[in-house]
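I opened this notebook page to record what I looked up in one model, entry by entry.

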Amino acid sequence: KVRENPDLVRDLDNQAILNTNVDALKAYKKRRLKEKEISQSIDDINIMKQDINELKSLMQRILDKIG
């Protein structure tokens, strides 16, 4: 065990410090998934903005040709 932290242990083979707190790992994975979902939503919104701007531009060109 690592001094003053019961969730940490040292791997005796390679001396790495490992966290044994499964709840903390689950919380981290949940946070990471939520951040990924938010990032994907932002990307989707930006693509939609570009599509809307392209549609507006095309509509303006059509209106310019008509009138």
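The entries below go from the overall fold to single residues.

**Entry 1. Model and elements.** I noted at the outset that this is a predicted model. I then listed the secondary structure and found one helix and two strands. Reading from the N terminus, I recorded the order β-β-α. The radius of gyration is 26 Å, well over the 11 Å that the globule rule gives for 67 residues, so I entered the protein as more spread out than a compact globule.

**Entry 2. Dimensions and burial.** I looked up the extent of the C-alpha trace along its principal axes and wrote down about 80 × 20 × 15 Å. Next I asked what share of the 67 residues counts as buried. The value is 0%. The cut-off for buried is under 20% relative accessible area.

**Entry 3. Surface and charge.** I recorded an exposed area of about 6600 Å² for the protein, with 56% of it supplied by carbon and sulfur atoms. For the charged side chains I counted 14 positive and 12 negative. I also checked where the two sets are centred, and their centres lie 2 Å apart.

**Entry 4. The helix and its nonpolar patch.** Which residues make the nonpolar surface patch? I found Met59, Ile62, Leu63 and Ile66, which together form a patch of about 440 Å². I took Ile62 for a further look and placed it in helix H1, which covers residues 22–66. Ile62 has 46% relative accessibility, and I therefore entered it as partly exposed.

**Entry 5. Glu4.** I turned to backbone angles and noted that Glu4, although not a glycine, has a positive phi of about 65 degrees. I located Glu4 in the segment that precedes strand S1 (8–10). Is Glu4 buried or exposed? Its relative accessibility is 78%, so Glu4 counts as exposed.

**Entry 6. Gln15.** I found a positive phi at Gln15 too, of about 70 degrees, and this residue is not a glycine either. Where does Gln15 sit? I placed Gln15 in the loop between S1 and strand S2 (17–19). With a relative accessible area of 44%, Gln15 is partly exposed, because that class lies between the limits of 20% and 50%.

**Entry 7. Summary.** I close with the elements in the order β-β-α, a nonpolar patch that includes Ile62, and positive phi values at Glu4 and at Gln15.

Definitions and conventions:
Residues numbered from 1 in each chain as written. Heavy atoms only, no water. Patch = residues over 30% accessible without salt bridge, like charges linked within 9 Å, V, L, I, M, F, W, Y side chains within 5 Å. Areas by Shrake-Rupley, 256 points an atom, 1.4 Å probe, with all protein chains shown as cover. Salt bridge = Lys/Arg side-chain N within 4 Å of Asp/Glu carboxyl O. Helix = DSSP H or I, 4+ residues; strand = E, 2+ residues; numbered from the N terminus. Buried < 20%, exposed > 50% of the residue type's maximum accessible area, 1.4 Å probe, protein only. Rg over C-alpha atoms; globule rule 2.2 N^0.38 Å. Lys, Arg positive; Asp, Glu negative; His and termini not counted. Charge placed at Lys NZ, Arg CZ, Asp CG, Glu CD.
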